[in-house]
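Please explain how this chain is put together, beginning with a residue from one of its strands and working outward to the sheet, the core and the surface.

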Amino acid sequence: MAFEDTLAIRVVRKHKDGVTVSCTLRPEYVNSQGVLHGGVIASIADEAAYQGRHNATTSELKVNYLRPIPMSKVLARAYALRAGKTLFVSRVDIFDAEKRLAAVGIVTYMLLPST
């Protein structure tokens, strides 16, 4: 099973410029303070931005953590910002269960040749 499958991220809406995904949080995703671990937040941003691009790999990922996310559910809205010949850039807004903006990510993928 691939790592991203363990997060059980589901696409809940497709948009012209991206997707909205949801993730129901599990106890093993929290940090020592009892809120969602930053690495899990980054992984959700990475997966939301990826949008099924099979021939790509993450080349850069930056996340600004704005508020802690308690155990519950997370929504992430990914926006495609630029699709070039070699790079794809996306912004991801991550919301807590109360629909408050909790993190913002910028993800860049290197597009790989078809195999």
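**From one strand residue outward**

Not counting residues up to four places away in sequence, V107 touches A45, D46, A49, T58, E60, L61, F88, V89 and S90. The model in which these contacts appear is a predicted one, and everything that follows should be read as a description of that prediction. V107 itself has its place in strand β6, and because its relative accessibility is 0%, below the 20% limit, it counts as buried. Among its contacts, A45, D46 and A49 fall within the residue range of α2, which is 38-50, while T58, E60 and L61 fall within β3, residues 56-65, and F88, V89 and S90 fall within β5, residues 87-95. A distance along the same theme can be added: the C-alpha atoms of V107 and T57 are separated by 10 Å, although their positions lie 50 residues apart along the chain.

The next step is the core. What is the size of the largest nonpolar core, and which residues have the most contacts inside it? The core has 28 residues, and those with the most contacts inside it are L36, I69, V92 and I94. At least two of its residues are supplied by each of β2 (18-24), α2 (38-50), β3 (56-65), β4 (73-83), β5 (87-95) and β6 (101-111), and the largest share, eight residues, comes from α2. For L36, once its neighbours within four places in sequence are left aside, the contacts are L25, Y29, V30, N31, I41, I44, I69 and V74; this list includes I69, which is itself named with L36 among the residues with the most contacts inside the core.

The strand pairing can be followed from the N-terminal side. Strand β1, residues 10-15, pairs with β2 in the antiparallel sense over five bridges, and the two are joined by a hairpin that passes through two residues. Within this pair, R10 stands opposite S22 in β2. Strand β2 also pairs with β4, again in the antiparallel sense and over five bridges, and here T24 has K73 in β4 as its bridge partner. From β4 the pairing continues to β5, with eight bridges joining the two antiparallel strands; the bridge partner of A76 in β5 is I94, a residue already met among those with the most contacts in the core. A hairpin through three residues joins β4 to β5.

T20 shows how a single position in β2 relates to the strands paired with it. T20 is found in strand β2, and because its relative accessibility is 13%, under the 20% limit, it counts as buried. Leaving aside neighbours within four places in sequence, T20 is in contact with R10, V11, V12, R13 and H15, and also with L75, A76 and R77. The former group lies in the range of β1, residues 10-15, and the latter in that of β4, residues 73-83.

N64 offers another view, from strand β3. Is N64 buried, partly exposed or exposed? N64 is partly exposed, because its relative accessible area of 38% lies between the limits of 20% and 50%. Its contacts, not counting residues up to four places away in sequence, are A102, A103 and V104, whose numbers fall in the range of β6, residues 101-111. The C-alpha atoms of N64 and L87, which are 23 residues apart along the chain, are separated by 21 Å.

L87 leads to the surface. This residue has its place in strand β5 and is partly exposed, with a relative accessible area of 40%. Together with M110 and L112, L87 makes a nonpolar surface patch of about 240 Å².

Two loop residues complete the tour with their backbone angles. A8 lies in the loop between α1 (3-6) and β1, has a phi near 55°, a positive value in a residue other than glycine, and is partly exposed with a relative accessible area of 38%. K99 has its place in the loop between β5 and β6, where its phi is near 65°, likewise a positive value in a residue other than glycine; because its relative accessibility is 64%, over the 50% limit, K99 counts as exposed.

How values were computed
Residues are numbered from 1 along each chain as its sequence is written. This is a predicted model: local features need pLDDT of at least 70, side-chain atom pairs count only at pLDDT 80 or more; totals for chains, interfaces and linings use all residues. Side-chain values use heavy atoms; hydrogens and water are left out. A nonpolar core is a set of buried Ala, Val, Leu, Ile, Met, Phe, Trp, Tyr and Cys residues joined through side-chain atoms within 4.5 Å. Buried means under 20% relative accessible area, exposed over 50%, partly exposed in between (1.4 Å probe, protein chains only). Helices (H or I, at least four residues) and strands (E, at least two) are DSSP runs, numbered from the N terminus. Contact means heavy atoms within 4.5 Å. Two strands pair if DSSP finds at least two bridges between them. Patches are made of residues with over 30% relative accessible area and no salt bridge: like charges are joined within 9 Å, nonpolar side chains (Val, Leu, Ile, Met, Phe, Trp, Tyr) within 5 Å. Accessible areas come from the Shrake-Rupley method with a 1.4 Å probe; for residues, only the protein chains shown count as cover. A salt bridge is a side-chain nitrogen of Lys or Arg within 4 Å of a carboxyl oxygen of Asp or Glu.
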